[in-house]
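The following exercises concern aromatic contacts in a single structure. Please attempt each task before reading its solution.

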Amino acid sequence: MTHILVVEDEVAIAEGLRFNFEQEGFQVTVREDGQSALAVLQDEANPVDLVILDLMLPGMSGYETCESIRRFNTVVPILILSARTLSEDKMRAFDCGTDQYMTKPFALPELLARVRNLLERRQALAAANLEGKLISPKLDPRDTKFQFGQVTVNYLTFQVHVGDRTHNLTTLEMQLLRYFIEREGQVLSRSQILEKVWAQSPDVTTRTVDNFVLRLRRVIEPDPARPLYILSVRGTGYRFVRTPEDATHSPV
Ligand code: CA
């Protein structure tokens with residue numbers, strides 16, 4: 001049974017979510033603070049498939065909770081549900097490794113649709129990885145890794161190895177990197193990336209794409225200020241190249 005962890009200190013909201021998710025056939029665990037939510041996530045006997053996280057919590061904040069989760073679990077989808085509507089809050093949440101951001105008050109059908117979407121996306125990604133069914137014909141269908149320069153991307157573990165350093169990517173970071181890699185050499189517009197990678201997140205802006213690209217560059221580029229692999233295309237978006245081009249000819 002799909003297991004959803006709700007981290008919410010307002011009892012009425014928490015119990016409303018529990019009721020509705022149970023109606024949908026999910027197993028629901030509710031915790032009122034970050035610390036006890038982390039304990040649930042570390043229980044290997046009952047793995048969590050998705051986290052719904054409030055930002056304003058007693059003790060550690062939702063941001064801190066999200067960061068703590070990402071230190072040991074980079075793959076579980078996290079959906080932040082918060083009364084905070086500022087784009088700075090959303091940016092910060094995405095920086096902490098959340099996959100989706102929804103503001104309160106929320107429409108239940110939309111929340112359910114987003115939860116299903118996150119679960120499906122995660123399952124499809126895991127299935128594609130496990131069965132070695134990679135979408136791009138350029139990749140060895142049995143290969144779960146992609147290599148360029150000093151960088152090795154592991155689609156199965158969501159890890160990026162650069163030299164002897166290992167970085168753990170979130171689901172969204174890995175999806176974006178994979179989206180670039182599978183469209184090597186193509187110019188990809190910000191809105192196209194948003195539509196394909198962020199799918200059903202109408203409240204994120206193209207600035208989020210730029211933010212994520214900066215983060216990927218910090219991981220994969222030898223000098224993030226002078227990118228060799230994820231190139232900026234002025235006025236449009238980005239283009240991934242596996243082999244660095246002559247720097248003088250690539251607009252950055
Ligand atoms: Ca709260």
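Three exercises with worked solutions follow.

The model is predicted, so that local features need pLDDT of at least 70 and side-chain atom pairs count only at pLDDT 80 or more, while totals for chains, interfaces and linings use all residues. Residues are numbered from 1 along each chain as its sequence is written, and side-chain values use heavy atoms, with hydrogens and water left out.

**Exercise 1.** Classify the aromatic pair formed by F180 and Y238.

*Solution.* Rings of Phe, Tyr and Trp (its six-membered ring) pair if their centres lie within 6.5 Å; planes under 30 degrees apart are stacked, over 60 edge-to-face, and the rest tilted. This rule gives eight aromatic pairs. For F180 and Y238, the centres are 6.3 Å apart and the planes meet at 85°, hence edge-to-face. Next, locate the partners: F180 belongs to helix α6 (residues 171-182) and Y238 to strand β12 (residues 237-240), 58 residues apart. Helices (H or I, at least four residues) and strands (E, at least two) are DSSP runs, numbered from the N terminus.

**Exercise 2.** Determine whether F180 and Y238 are buried or exposed.

*Solution.* Buried means under 20% relative accessible area, exposed over 50%, and partly exposed in between (1.4 Å probe, protein chains only). F180 has 0% and is therefore buried; Y238, at 4%, is also buried.

**Exercise 3.** Identify which arginine lies over the face of Y63, and which over that of Y155.

*Solution.* The criterion requires NZ of Lys or CZ of Arg within 6 Å of the ring centre and within 35 degrees of the ring normal. R92 lies over Y63 at 3.8 Å from the ring centre. R178 lies over Y155 at 4.2 Å from the ring centre.
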